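Biologist: Could you take me through this one and tell me what stands behind each label you use? I'd like the cut-offs as well as the words.

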Amino acid sequence: MAPLLLVACAPSLLAPPTQPVTAEDRRVRKSKQGSADERSAARRQLERYRYERARRQGNIYAWRRFLRQHPRGLFAPRAREHLSKLRFRAAVRSKQPAALRRFLRLHGSHPKAGRAWRRLLKDRALRLARRGTRAEIAAFLRRHPRSDAGGRLRRRLEALDYGSLTPKSTLPD
């Protein structure tokens, strides 16, 4: 039974439908038939149709699919903007530094890149304030002296320094 099933599902035995199945199929077929002007107009209609579909779906996968199909199309810059906004929101919602780093790697020049960098620095500073060593905190403050969490890190350094003092070292001789 299994070999028969494999033969019946082989793609070479399945004939394509003679009539377009969906509105997108009709547009794809139009973009391949007729004069050059008709094909060009049909390609523009197809691109608009796919853009509107991605906009209605409004998720990362829809925009990625649109950009794969029309990387240099009329709506590609808008689609990239939608995609970067969705990726930024997803990275912020996930609260994972790796997601913010991925956003910055893919969209480093996006207007929200500064916010992503500040979030990463704040996250790093908070982790250092909880469990950082003196050397790690000092290195962070040297690299980022005007960090939003600078005061908190300086207080942590003071606490580390105070904790390292022994009762003997505080008494005069």
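What follows is a chat about how the labels on this model were earned.

Modeller: First the ground rules: this is a predicted model, where local features need pLDDT of at least 70, side-chain atom pairs count only at pLDDT 80 or more, and totals for chains, interfaces and linings use all residues. Residues are numbered from 1 along each chain as its sequence is written, and side-chain values use heavy atoms, with hydrogens and water left out.

Biologist: What makes up the secondary structure of the protein chain?

Modeller: There are 10 helices and 0 strands, so the pattern along the sequence reads α-α-α-α-α-α-α-α-α-α. Here helices (H or I, at least four residues) and strands (E, at least two) are DSSP runs, numbered from the N terminus.

Biologist: How much of the protein chain counts as buried?

Modeller: Of its 173 residues, 27% do. Buried means under 20% relative accessible area, exposed means over 50%, and partly exposed is in between (1.4 Å probe, protein chains only). The areas come from the Shrake-Rupley method with a 1.4 Å probe, and for residues only the protein chains shown count as cover.

Biologist: Why is S31 called buried?

Modeller: Its relative accessibility is 9%, and the limit for buried is under 20%, so the label fits. S31 sits in the loop between helix 2 (23-30) and helix 3 (36-57). Its side chain also reaches the backbone oxygen of V28 at 2.6 Å. That passes as a polar contact (a pair of N or O atoms within 3.5 Å; within protein, one must be able to donate a hydrogen and the other to accept it, and residues adjacent in sequence count only if both atoms are side-chain atoms).

Biologist: And H107, buried or exposed?

Modeller: Buried, because its relative accessible area is 14%. H107 lies in the loop between helix 6 and helix 7, and its side chain has a polar contact of 3.1 Å with that of R87.

Biologist: What about H144, in which loop is it found?

Modeller: The one between helix 8 and helix 9. With a relative accessible area of 25%, H144 is partly exposed. Its C-alpha is 8.5 Å from that of L121, and the two are 23 residues apart in sequence.

Biologist: What makes K95 exposed?

Modeller: Its relative accessible area is 70%, and exposed asks for over 50%, so K95 qualifies. The residue is in the loop between helix 5 (76-94) and helix 6 (97-106).

Biologist: What is notable about the phi of K95?

Modeller: K95 has a positive phi of about 60° although it is not a glycine. Most residues other than glycine have a negative phi.

Biologist: Which residues gather with K95 in the positive patch?

Modeller: R115, R118, R119, K122, R130, R131, R152 and R155 join K95 there on the surface. Helix 7 (113-131) and helix 9 (150-164) each give two or more residues, and the largest share, 6 residues, comes from helix 7.

Biologist: How do you know that these residues belong in a patch?

Modeller: Patch members have over 30% relative accessible area and no salt bridge, with like charges joined within 9 Å. Lys and Arg count as positive and Asp and Glu as negative, while His and the chain ends are not counted. The charge is placed at NZ of Lys, CZ of Arg, CG of Asp or CD of Glu.

Biologist: Why is the R55 and E52 pair called a salt bridge?

Modeller: Their closest N and O atoms are 2.5 Å apart. A salt bridge is a side-chain nitrogen of Lys or Arg within 4 Å of a carboxyl oxygen of Asp or Glu, so the pair passes. Being 3 residues apart in helix 3, R55 and E52 are separated by about one helical turn. R55 is partly exposed at 44%, and so is E52 at 22%.

Biologist: How many salt bridges does the rule give?

Modeller: The count is 5. Among them, D123 and R127 meet at 2.9 Å, N to O; these two are 4 residues apart in helix 7, about one helical turn. R134 and D161 also meet, at 2.7 Å. That pair links distant parts of the chain, with R134 in helix 8 (residues 134-143) and D161 in helix 9, 27 residues apart. Then there is a network: salt bridges that share partners join E24, R50 and R53.

Notes: Patches are made of residues with over 30% relative accessible area and no salt bridge: like charges are joined within 9 Å, nonpolar side chains (Val, Leu, Ile, Met, Phe, Trp, Tyr) within 5 Å.
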